[in-house]
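Here are some short exercises to work through with the structure open beside you. Try each task before reading its solution.

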Amino acid sequence: GDGILDWIPSPVFVAYNALAREFEGAKPDGKWKYPNSIVCYAYRDREGKPLAALWNYGVREGVSADLSAFEVTDLFGNPLASQVHPVTSSPLYLRPKSADFREQLEKLRLNLARQVTVAKVVRLTGNTLWGGVENNGDSAVKATLGFQGGGFSALRPAVIEAPATVLLAAGGVIFRESVTLTRNAFAVNGEQFALAGLPESTASVSREGDKLIVRLHVADASDAGELGGRQLWETDSAELFFDAAPLFFPGSRPEEYTEETFRVFILPREPAERRVTTWGNAPEIKAEVVSDPKGWSLRLELSVIRGELGFGIKVNDAAAGQKAERSAVWPKTGQLHKDRCNFGIITASQIHLP
């Protein structure tokens, strides 16, 4: 258009302009990682003068730094006062006010608005609420926790002692903070549950000695044939989702897969050597698939996972040579491949608060 507003540069343009002005031709000169996901990179600019960029790569809330020893500009190149500033995901650019620039960066002191933080997601299984409490400071702290909301109230408050720099997860711990409440389906060890969407299809997970056993029966008489050019989930298949630490709640993004999360794909129509595919840090797996005119069954064996187990399953059904046209999922709480907090919970026994 011809309006004058069409000529106003976007904030991205202004930010890149400031970045280029400060750092074009600069050479790296140091790096410092501080607690609570704060990082600083030091450089020498094209004239050999020192400068640095400071930001919060983990989006930890409530962190500030005393920058009184530096000349400070913001993401857009605007000068800021040399004082305490919040440290966020938007970088702050620093230049020295004295000759001891590196020393000032090395001893940079951070401040926390609150030493204890609560994970942004809590998980409800039966009448037990699971959540994470993190002590971000350098000293132990005692905290009283409570919960109310989503139609639920705690039976009583809980008092915990959080050691320094330790992430805690505890059943029945209840919170007073704005969080997302995820209602998780759960099944007792060995209990058989139905897969809605594929009639007469069932699954179970059980601990037997030092093994974890997944049993699956799929009522699917149509054979999709070999994979060909289809994706793993576009043919007859079972996608199994495992989380060996479902009660671990990373502070900023609890929904993301962790090193304890892995996936197993079972392709029952493939030759035995191509029948199992794993994603993530999966343990050694033994899979037995048996087909009959009415469908197929799976017995999957892997090393036992102690304690609560995050688990989900998605079974896909395709016609011969075609992409999957229907599927069955347990639990039906959301997209399992995007959010581990949507997994169901397999427990050793029925869950009840003490």
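Which residue in β27 stands opposite V290? Keep in mind as you look that this is a predicted model.

**Exercise 1. Find the partners across a strand pair.**

Solution. Start with the two strands: β26 covers residues 285–292, and β27 covers residues 295–303. They run antiparallel to one another and are joined over 8 bridges. Follow the pairing from V290 and you arrive at S297 in β27. Now take the neighbouring position: S291 has W296 as its bridge partner in β27. Finish at the turn, where 2 residues separate β26 and β27 in their hairpin.

**Exercise 2. Place this hairpin in its sheet, and work out which strands lie at the edges.**

Solution. Begin with the order of the strands, β20-β21-β22-β27-β26, which make up an open sheet of 5 strands with antiparallel pairing. The edges are β20 (193–194) and β26, since each of them pairs on one side only.

Next, walk inwards to β21 (residues 202–208) and β22 (residues 211–218), which pair over 7 bridges in the antiparallel sense. Here S206 faces I213 in β22. These strands also form a hairpin with 2 residues between them, and G209 in that hairpin has a positive phi near 65°.

Last comes the pairing of β22 with β27, antiparallel over 8 bridges. One residue to look for is R215, which stands opposite R299 in β27.

**Exercise 3. Decide how the rings of Y41 and W55 are arranged: stacked or edge-to-face?**

Solution. The pair belongs to a total of 13 aromatic pairs. The ring centres of Y41 and W55 are 5.6 Å apart and the planes meet at 15°. Planes under 30 degrees apart count as stacked, so Y41 and W55 are a stacked pair. Y41 sits in strand β2 (residues 38–44) and W55 in strand β3 (residues 50–56), 14 residues apart. Both are partly exposed: Y41 has a relative accessible area of 27%, and W55 has 24%.

**Exercise 4. Do the same for W233 and W279.**

Solution. The centres of these two rings are 6.3 Å apart, and their planes are at 85°. An angle over 60 counts as edge-to-face, so that is the label for W233 and W279. W233 is in the loop between β22 and β23 (237–243), while W279 is in strand β25 (residues 276–280), so the contact ties together parts 46 residues apart in sequence. W233 is partly exposed at 34%, and W279 is partly exposed at 36%.

Methods. Residues numbered from 1 in each chain as written. Predicted model: local features only at pLDDT ≥ 70, side-chain atom pairs only at ≥ 80, totals over all residues. Heavy atoms only, no water. Pairing = 2+ DSSP bridges. Helix = DSSP H or I, 4+ residues; strand = E, 2+ residues; numbered from the N terminus. Phe/Tyr/Trp six-rings, centres within 6.5 Å; stacked < 30°, edge-to-face > 60°. Buried < 20%, exposed > 50% of the residue type's maximum accessible area, 1.4 Å probe, protein only.
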